[in-house]
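Start with one strand and follow it outward. The report moves from that strand to its partners, then to the ligands and the whole chain.

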Amino acid sequence: MASPKRLQGLTAATITPMTPDGEINLSVIGQYVDYLVKEQGVKNVFVNGTTGEGLALSTQERKQLAEEWVTKGKNKLDHVIIHVGALNLPEAKEMAKHAAVIGASGIAAIAPFFFKPTNKDTLVAFLREIASEAPGIPFYYYHIPSLTGVKIRVEELLDGIKEQIPTFQGVKFSDTDLLDFAQCVKNNKERFVLLYGVDEHLLSALAMGASGAVGSTYNYLGKKYNLMLEAFAKQDLVLAQQHQFCTGEFLSFVFKLGFGVAQTKAVMSFTSRIPMGPPRLPLLSASMDFIEKAKAKMDSLME
Ligand SMILES: CC(=O)N[C@H](C=O)[C@@H](O)[C@H](O)[C@H](O)CO
Ligand SMILES: CC(=O)C(=O)O
């Protein structure tokens, strides 16, 4: 699926569907692809990331999911990016190689977060080992310091990275440091794709020059966010704000109830009517109370 087109617009960070007893459920992924494309207008996916509980899955499960997304996305999706980050290099490399073999459009990796890289050079050395297993497809760095604890600034990381990692293509920037993000855009807009990953702040990142966005809420609010991207492209800031405020109202509401990957699975289940199943421990399923309230709020906003 090597796509000549540069990644832009919205990318859904996919949820990993599970059966009621906690096995990965590959059988609904075909339906999931159709839902994203037809109902949300989202044609790019980021598989096995945070939302996909990638770090709670075995390597075998991650490879099966990657294959299913690539297979079912053929001729429907523009980009299938596989997150291959792991705490150990051998498995990360194995998944990178596998992603290339099955025809993924790109790979991404987070920084390892148990033994952490303490400086830019060790992080680049780690990422380079992974990227070199998939020399024919783009590599993206997934920056999510709130979860990895690795706070090396992306501005610094990008300086000279192409010389070290020839397939380096961009960053999924899941942080609220918009100064760091702006510096990345300023220094690299022509060379790299800079994807913003905090959905509720996307409009601010667009103002800073983001190339696109990767996030969990584009699974079920993609249509709204696409309207926002359109309004922004037409320089209709007032309309763009209205769309950001609408999705923001939903998120602000669910944040107060307690919101994370488990709740995202529940919201996607009632929005798409595709059963996403429970999350895997240590995450716990969303409560019935959460589901009822979140659904009522969604219905009131989308009518
Ligand atoms: C921590 C986390 O999961 N971040 C996601 C992507 O990076 C976002 O898409 C959020 O889920 C979203 O912005 C809602 O807070
Ligand atoms: C949100 C996001 O991009 C991820 O789940 O990895």
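In this predicted model, strand β2 covers residues 44–47. N44 and F46 point one way from the strand. V45 and V47 point the other way. All four of these residues are buried. In a regular strand, side chains alternate between the two faces of the sheet.

N44 deserves a closer look. Is N44 buried or exposed? N44 is buried, because its relative accessible area is 5%, under the 20% cut-off. N44 is found in strand β2. The side chain of N44 reaches the backbone oxygen of Q8 at 3.3 Å.

**Strand partners**

Strand β2 pairs with two strands that the model lets us name in turn. With strand β1, residues 9–13, β2 pairs in the parallel sense over 2 bridges. In that pairing, A13 stands opposite F46 of β2. With strand β3, residues 79–83, β2 again pairs in the parallel sense, here over 4 bridges. There, N44 stands opposite H79 of β3.

Helices link these strands. Helix α1, residues 29–40, joins with β1 and β2 in a right-handed β-α-β unit. Helix α2, residues 59–73, makes a right-handed β-α-β unit with β2 and β3.

**Ligand 2**

Which residues surround ligand 2? They are A13, F46, G49, T50, T51, Y142, K172, V214, G215 and S216. A13 and F46, which stand opposite each other in the β1 and β2 pairing, are thus both in the list for ligand 2.Three polar contacts to oxygen atoms of ligand 2 can be listed, at T50, at T51 and at K172. T50 offers a backbone N or O atom at 2.8 Å. T51 also uses a backbone N or O atom, at 2.6 Å. K172 brings a polar side-chain atom to 2.5 Å. On its own, ligand 2 has 210 Å² of accessible area, and the protein covers 92% of it.

**Ligand 1**

Around ligand 1 lie T50, Y142, I144, K172, S174, G197, V198, D199, E200, G215, S216 and F255. Of these, T50, Y142, K172, G215 and S216 also appear around ligand 2. The table gives side-chain contacts to ligand 1. Each pairs an N or O atom of the side chain with an oxygen atom of the ligand.

| Side chain | Distance to an oxygen atom of ligand 1 |
|---|---|
| D199 | 2.9 Å |
| E200 | 2.6 Å |
| S216 | 2.7 Å |

Taken alone, ligand 1 exposes 380 Å², of which the protein buries 81%.

**The whole protein**

How many helices and strands does the protein have? There are 13 helices and 8 strands. The radius of gyration is 18 Å, close to the 19 Å that the globule rule gives for 303 residues, so the protein is as compact as a globular protein of that length. Along its principal axes, the C-alpha trace spans about 50 × 45 × 35 Å. Of the 303 residues, 55% count as buried. N44, where this report began, is buried as well.

Definitions and conventions
Residues numbered from 1 in each chain as written. Chains lettered and ligands numbered in written order. Predicted model: local features only at pLDDT ≥ 70, side-chain atom pairs only at ≥ 80, totals over all residues. Heavy atoms only, no water. Buried < 20%, exposed > 50% of the residue type's maximum accessible area, 1.4 Å probe, protein only. Pairing = 2+ DSSP bridges. Right-handed = clockwise from strand over helix to strand, strands pointing away. Near = heavy atom within 4 Å. Polar contact = N/O pair within 3.5 Å; in protein donor to acceptor, adjacent residues only side chain to side chain. Areas by Shrake-Rupley, 256 points an atom, 1.4 Å probe, with all protein chains shown as cover. Rg over C-alpha atoms; globule rule 2.2 N^0.38 Å.
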